[in-house]
Structures are given as structure tokens and as C-alpha cells.
Amino acid sequence: MSVSDPIADALTKIRNAYRAGHKTVHVNHCGLVESVIKILASEHYINNFYIIDRDPEKKILRKQLLVNLRYTEAGKPIIRGLERVSKPGRRVYVKATHIPSIYNNTGNAIISTSNGVMTDREARQQNIGGEFVCKVW
């Protein structure tokens with residue numbers, strides 16, 4: 001089954017896995033989703049992730065990402081909020097001078113630019129705007 005918005009699907013799976021208290025979650029692979037997951041790993045919102053290739057013998061029909069979720073020592077999720085901003089029906093673009101700060105710079109905005117997918121801090125530093133994909137706090 002095809003998904004019309006793979007980024008929103010991946011973010012929802014991660015959000016639901018945190019709410020259910022899971023340690024790992026499988027999300028469908030695509031290039032943009034992999035870039036967003038890499039940013040989540042580099043900003044320490046998740047522990048790590050692995051790419052699982054398709055294997056019809058093991059009934060893995062699509063390439064997937066296995067995401068290891070991160071919790072505090074008290075068992076609380078590190079990610080308190082994960083929200084998709086730009087959607088297929090309504091794309092949201094921001095200029096370099098208008099990139100928002102998320103929760104007074106304690107969260108991250110993930111921006112898809114012509115130089116690749118990056119956080120809001122990196123985009124401000126490089127003075128480049130782009131599509132406002134999602135925000136994490």
C-alpha cells in the first residue's frame with residue numbers, strides 16, 4: 001500500500017511508539033525520512049537507527065528503518081512533541097531571515113533546503129531558507 005505522506009507516517013509511528021512505551025519502531029524508508037531520522041539521531045532525540053533492506057524470504061517487502069527510541073532515566077520520552085508543518089496539500093516555505101525558533105531554541109525545526117535537510121540553527125548559520133518539514137521539542 002502506498003502512503004501519500006511518508007514523513008507524516010514516520011513521525012506518527014515514532015510518536016505512537018513513544019506513547020506506547022516501545023523501545024524500537026519500524027518506519028518505511030524514503031530518502032527524506034532517512035534524512036529526518038539522521039537529524040533526530042545527531043540531535044540526540046533517538047539513540048540510533050538501522051536500515052533494513054527488503055527481504056522477501058523474511059516477509060520484509062519494503063526497505064525500512066529500525067529506530068531505537070531514547071528515554072530519560074525516569075522512563076520519560078526524550079521527545080515531548082513531534083509535529084509535521086509542511087504537508088502535501090499545503091507546503092510551508094520559510095526564508096532564512098524568518099526561520100522560527102522552537103520553544104526558545106530548546107527544540108529544533110527541520111528544514112529541507114537546496115543544500116540538504118538541516119536543523120534551523122544550521123540553516124540560519126548558512127543563511128539559507130527552504131521547506132519547513134517538521135518541528136521537534
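Which side chain meets that of Glu43 in a salt bridge? The partner is Arg121, at 3.6 Å from N to O. The notes below come back to this pair after a look at helix H1. The model is a predicted one.

1. Length of helix H1. This helix covers residues 6–20, which makes 15 residues. At 1.5 Å a residue, H1 should span 21 Å, and its end C-alpha atoms are 21 Å apart, so the expected and the computed values agree.

2. The buried side of H1. The buried residues in this helix are Ile7, Ala10, Leu11, Ile14, Ala17 and Tyr18. Looking down the axis of H1, these buried residues fall within an arc of 125 degrees, and therefore they line one face of the helix. On the other side of H1, Arg19 and Ala20 are exposed.

3. What lies over that face. Several elements cover the buried residues of H1, among them helix H2 (31–42) and strand S1 (24–28). The cover also includes strands S2 (46–52), S3 (64–69), S4 (82–84) and S8 (130–136). Two of these strands, S4 and S8, return below as places where salt-bridge residues sit.

4. The end of H1. Gly21 comes just after the helix and takes a positive phi of about 80 degrees. Two residues that are not glycine also have a positive phi; see points 8 and 9.

5. Salt bridge Arg84–Asp5. The whole structure contains six salt bridges according to the search, and three are described here, beginning with Arg84 and Asp5, whose closest N and O atoms are 3.1 Å apart. Arg84 belongs to strand S4, while Asp5 is in the segment before H1, so this pair ties together parts that are 79 residues apart in sequence. Both Arg84 and Asp5 are buried.

6. Salt bridge Glu43–Arg121. This is the pair of the opening question, with an N to O distance of 3.6 Å. Glu43 is in the loop between H2 and S2, and Arg121 is in helix H3 (residues 120–126); the pair links distant parts of the chain, 78 residues apart. Glu43 has a relative accessible area of 25% and is therefore partly exposed. Arg121 is partly exposed too, at 38%.

7. Salt bridge Arg91–Glu131. The closest N and O atoms of this pair are 3.1 Å apart. Here the two residues are 40 positions apart in the chain: Arg91 is in the loop between S4 and strand S5 (93–94), and Glu131 is in strand S8. Is each partner buried or partly exposed? Arg91 has a relative accessible area of 42%, so it counts as partly exposed. Glu131 counts as buried because its relative accessibility is 14%, and the cut-off for buried is under 20%.

8. Asn104. This residue is not a glycine, yet its phi is positive, at about 55 degrees. Asn104 is located in the loop between S5 and strand S6 (108–113). With a relative accessible area of 69%, Asn104 is exposed, since exposed means over 50%.

9. Asn127. Phi is near 55 degrees here, again a positive value in a residue other than glycine. The loop between H3 and S8 holds Asn127. Its relative accessible area is 57%, so Asn127 is exposed.

Conventions
Residues numbered from 1 in each chain as written. Predicted model: local features only at pLDDT ≥ 70, side-chain atom pairs only at ≥ 80, totals over all residues. Heavy atoms only, no water. Helix = DSSP H or I, 4+ residues; strand = E, 2+ residues; numbered from the N terminus. Expected span 1.5 Å × (residues − 1). Buried < 20%, exposed > 50% of the residue type's maximum accessible area, 1.4 Å probe, protein only. Arc of directions from axis to C-beta. Contact = heavy atoms within 4.5 Å. Salt bridge = Lys/Arg side-chain N within 4 Å of Asp/Glu carboxyl O.
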